[in-house]
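Student: Could you take me through a close look at a single part of this model, and explain the terms as you go?

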Amino acid sequence: VTINIILVWNNIGMEAAMEIRALRAFLEVSREENMTRAAANLHMSQPSLSKLMKSLEHELGVALFMRRSFGLTLTKEGRVLRERARDLIGMADRIEDEFASLGNITGGTLYFGLAESYQIQYLAQQIKLLRAQCPDLRYHVESGVSLQVLEHLDQGTLDFAVLAQAPDLTKYEAMDFPDVDRWGVVVPSDHRLAARERITVDDLVGEPLFCSQQAWRHDIPRWAGSRMPDLRLEATFGLAYNGAVFAREGLGVLLTFARLVDTSADSGLVFRPLTPTLETKLHLVWRRNRPLSPIAERFLTQIRSAR
């Protein structure tokens with residue numbers, strides 16, 4: 001099936017129809033920054049690829065590449081197209097996969113966008129159970145903060161998102177995970193806070209703190225209350241692992257969920273819970289009033305029955 005798309009080029013105010021094939025070729029050229037290598041990867045001749053890229057530039061009315069003696073670099077317009085093309089190709093792949101699996105609920109691809117949590121193990125267990133019944137099941141997982149995965153859920157490139165914040169139930173349907181995530185700090189084992197059994201707001205005053213941007217806006221204020229202005233955010237980290245690396249070097253105190261970071265005896269790090277206790281619920285979310293693929297429907301039926 002050949003899928004054509006209409007691309008609205010906002011900066012220029014023009015529309016262009018093109019094939020996904022051309023966008024896939026464009027992404028390969030932008031990745032390699034070399035027409036010859038890209039042509040080899042695409043199993044086509046270099047002149048054919050060059051002609052296809054020139055046709056794409058003509059269709060859009062802009063230059064996508066700056067051609068240099070050592071290779072190619074993207075223009076500003078090329079960088080914009082690269083971001084849009086990734087989304088469009090992701091959607092095209094989903095459409096092709098869904099139509100290929102229509103009438104076959106023993107196969108297909110599930111697309112997930114996940115927050116970080118030890119509770120993701122429940123999701124993995126459900127996928128494992130479904131895989132036993134559906135040998136042709138495939139799945140794609142991306143990780144990110146709630147805003148990132150919700151954007152992709154809204155675009156239709158994800159079936160389900162796992163959020164660490166309450167979803168908008170006018171737009172989404174949701175199921176809560178069975179447990180909660182509990183907050184604490186991760187510090188080196190020789191840090192002064194490692195000697196505490198639990199961590200109070202007063203303990204954190206004056207400390208450089210690491211936290212996700214989302215949690216700093218929504219979760220930590222629930223705990224710190226009026227003392228929030230007394231806390232100092234040193235840096236934000238989307239991934240707890242990276243924050244733990246900086247914490248191990250003594251650059252700051254990481255605020256994170258329990259069981260996300262290795263704090264075993266050999267890790268050089270310890271986890272200490274917050275007091276009063278701060279908890280966050282996890283939610284499995286999908287778009288309201290949007291049809292799901294057969295395999296996504298089957299997954300949803302299974303996970304509902306497991307509650």
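Tutor: Happily; what follows is a look at one pair of packed helices, with a short glance at a hairpin afterwards. This is a predicted model, where local features need pLDDT of at least 70, side-chain atom pairs count only at pLDDT 80 or more, and totals for chains, interfaces and linings use all residues. Residues are numbered from 1 along each chain as its sequence is written, and side-chain values use heavy atoms, with hydrogens and water left out.

Two packed helices are described by the angle between their axes and the distance between the axes. Here, helix H1 covers residues 20–32 and helix H3 residues 46–60; they pack at about 110°, with axes 10 Å apart. (Helices are DSSP runs of H or I with at least four residues, strands are runs of E with at least two, and both are numbered from the N terminus; axes are lines fitted to C-alpha atoms, for helices over the stretch in contact, and angles run from 0 to 180 degrees between N-to-C directions.) H1 and H3 are therefore roughly perpendicular, a label for angles of 65 to 115 degrees. From H1, the contact (heavy atoms within 4.5 Å) uses Arg21, Ala22, Ala25, Phe26 and Val29, while H3 brings Leu49, Leu52, Met53 and Leu56. Eight of these residues are nonpolar, none is polar and one is charged; Ala, Val, Leu, Ile, Met, Phe, Trp, Tyr, Cys and Pro count as nonpolar, Asp, Glu, Lys and Arg as charged, and the others, Gly among them, as polar.

Now the hairpin: two residues link S3 to S4. Strands S3 (residues 65–68) and S4 (residues 71–74) pair in the antiparallel sense over four bridges, where pairing needs at least two DSSP bridges. Met66 has Thr73 of S4 as its bridge partner.

Key. Angles under 35 degrees count as roughly parallel, over 145 as roughly antiparallel, 65 to 115 as roughly perpendicular and the rest as oblique.
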